[in-house]
Amino acid sequence: MEVPRRPQPSSFTLALPKPASFSEESSISEERLAQEAEEAKKKSEEDEAAAKEREAQRQLLAIEELVQSERNYLRLLQVSTVTIRSNLQKLQPPLANLDSMFLYIEEVIDVSGRLLSLLDQKQVRPGDPLFLETLCDSFLSLSSEIEAAYKEYLANYNHITVVENSYKQKEGLWNEIVSVIKASAPEVNATSLSFFLVMPVQRIARYPLLLQTIQKHTDRAHPAYALLEQTAHTSIALNCRINEYKRFREVADKYKKTETLTIKDKINRLNSHSIAKKTARLSQQIKHETGIAPKLVDEEFDALEGFFYVLEHGILELLENVETYLHHLQGFLACKTEEFDFDMDGEKAPISYKEITTALRQWILPTFEKRMRTLMHKPLCALRDLLVGPRNLIRKRLDKLLDYEMIEAKSNLSYEEQAVANTYRTINTLLLNELPRFNGLALQMIWSMLGTFSCLHKDLASDMEQLFQSFAQQLPHSSLSPGAFWEWAESGVLEGARRLETLCRSVEDTLNAPVVQPLSPSSQRRLKQLTDKHGSGKIYQVIGTVVGSRDLDLNLAKGELVAIISEADTRGDKRRWLIDAGGRRGYAPSSKLIRYHQPAEDPPPSPHLTLPEDMTGIRRHSYTPENRPLTVMSQPCFQVMAAYDFIARGNHEVSMRAGEPVRVLEHHDKRGNPEWSLVEVKGGQRGYVPSNYLAIMPMGMGPPGCHQPY
């Protein structure tokens, strides 16, 4: 089979375009790439410009948000502290602790207002590049004031919630408070005080967020970028310090409280955990004292603690002295000498002294006392109360230190042990930071009060000098020169002091002198027997009933006389003395014996003078030389009273106290001896007393001058 053939092309040809050369193609591609690159660059620049524009808009919005929110925040705080607070103060009865909810908020409002004032003073709008620099400079310049205001407010915020919760416990009162809040601020939907008072807590935490947002949308090439970065870091550090201070205050408030617990409350608090903890602390303390375990030493704290206790001792001593001073001043003011009439008509000097005393007691010294209480006593009492907090913290630090020492060497701590370590570090850091400030302020207050004390006395001396100068011509010694006058005054004061000292010593000797009791005839015979045998220096008297409990012990009655043979027993025990009881010998406790003092043969002098019937009484005083006769009544108008204390030494005697009225039944004893009298004392008890211990006193309604010795 024949294969078909391929048709042959026709004789004519098709005209095709000529291919371009290589150089022409290269030039075309370069032009196209350059055009595309230029378009891409232009687009990139446009995108970059648009991004910068968006960042600038976001930065502006963040700046405006910070400024505008600060203005709104300040306005709401002012509404709460001015309008709402004033309206709540009008409620009846007044709200308890209302003012304590607004503590330190005035400082917060002040620092916020100053921040806005600094921004407004520059007259720069938020869109201006200089505004960011102004904002940062203003915040940094007020950072210390912001920290001081907010840290105190935040530390007190827990108290705000406590007070508000106490209001919520009373439904009627709380509804009234809510209605006042809504009426005072209708533009905001507030239903509690905490809606406004929590704003500073939220605001201080928002500063770092707003500043970081502004920093995020600010170009690094911006002139104020470095300042903005510093401001953001400052706001973060400021919040950290405020939170740390708040934590320290919470720990201080927890441990500085002084609880007054009854024994029942203390017993109820006891449990196995507290007993184990206190036992471990006691064991650790014993180890320190015995040297078994080393003690953790902190020289800085030890110095602060020692200085604190020195200050505490000084404050308490100064307060005690001031109170004693005021007590003596009150005693002086209680002596109203001007109320007594001494018949001083025509005597210039006594009248002048009386007027001076009146002026001192009624005007000058009461004013001085009032100033002393206001400027000295009250501040010292307040300073004494402030010592409680640091003292409790120091004691609690010691407890926590003992707990910390027991876990210090451990590599891995449990959750409870870590809490113990953190508590100790917190208390220790708090004391190291705050105790120097407290010590310094306390010392400054002490010096200030001592200066005040000096100034008060200078003012008192000036007032007294002015008072005396007004009477200078009417007083004796007014013609003396200043030197001679002060010499006379000093000698007079020293002489008065010497007399007073002599009187005090005489009274002290009289009070400390042993009480001498008269003896019965049988006791006198025993005294003579013992004195002849052992000497007067060995005679002792039994001051209490002695009942023998051991071999050779004697039974002795109260008031019995004995002689000391030996001041120790055979074993050398000085608490048992060998005595002679008038024939009987044995032992008696030394604590029941006292040295006997021989009474004088003459009876003690009567404290009342005898006024003869034929003599007229003379009334005299230092200001009136005139003699005025007193009528002496011959009719008896007296009562018998005890002139001295007497302690009964047997069943036949009776005790009586000086000044006690008695009834004389017989003027002698059963043998007719007039040295002893049978009397009846208060309570109906009867017995014998020494006759020279009795005195005749005027009756209460009788005229003076009718008494005579018994």
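**A bent helix, a crossing pair and a three-stranded sheet**

Helix H7 bends by about 35° at Arg206, with a proline, Pro208, following within four residues. This is how H7 looks in a predicted model, and the helix runs from residue 199 to residue 216. Despite the bend at Arg206, the 18 residues of H7 reach 25 Å from the first C-alpha to the last, close to the 26 Å expected at 1.5 Å a residue. Both ends of the helix contribute to its buried residues: Met199, Pro200, Arg203 and Ile204 are among them, and so are Leu210, Leu211, Ile214 and Gln215. Pro208, the proline that follows the bend, is buried too, as is Tyr207. Residues three or four places apart in an α-helix point the same way, because there are 3.6 residues a turn.

As for the protein as a whole, it has 16 helices and 12 strands. Of its 710 residues, 34% are buried. Contacts between residues at least 6 apart in sequence often span a good stretch of chain, with 67% of them joining residues at least 24 apart.

Next comes a pair of helices. The angle between the axes and the distance between them are what describe two packed helices. For helix H3 (residues 129-141) and helix H8 (residues 225-255), the axes come within 9 Å and cross at roughly 35°. The crossing of H3 past H8 is left-handed. On the H3 side, the contact is made by Leu132, Glu133, Cys136, Asp137, Phe139 and Leu140. H8 answers with Leu227, Leu228, Gln230, Thr231, Thr234 and Ser235.

Further along the chain, three strands form an open sheet in the order S9-S10-S11, and the pairing is antiparallel. Strand S9 (663-666) and strand S11 (686-690) are at the edges with a single partner strand each, so each has one side without a neighbour in the sheet. From one strand to the next, the twist averages 45°. Even though S11 is an edge strand, 4 of its 5 residues are buried, so S11 is largely enclosed by the rest of the structure.

The pairing of S11 with strand S10 (residues 676-680) is antiparallel and runs over 5 bridges. Two of the matched positions can be picked out by name: Trp676 has Pro690 of S11 as its bridge partner, and Leu678 stands opposite Tyr688 in S11. S10 and S11 make a hairpin with 5 residues between the strands, and in this hairpin Gly683 takes a positive phi near 100°.

How values were computed:
Residues numbered from 1 in each chain as written. Predicted model: local features only at pLDDT ≥ 70, side-chain atom pairs only at ≥ 80, totals over all residues. Heavy atoms only, no water. Expected span 1.5 Å × (residues − 1). Bend = angle between axes of the 7 residues up to and from the residue. Buried < 20%, exposed > 50% of the residue type's maximum accessible area, 1.4 Å probe, protein only. Pairing = 2+ DSSP bridges. Axes fitted to C-alpha atoms, helices over the stretch in contact; angles between N-to-C directions. Left-handed = near helix turned anticlockwise from the far one by under 90°. Contact = heavy atoms within 4.5 Å.
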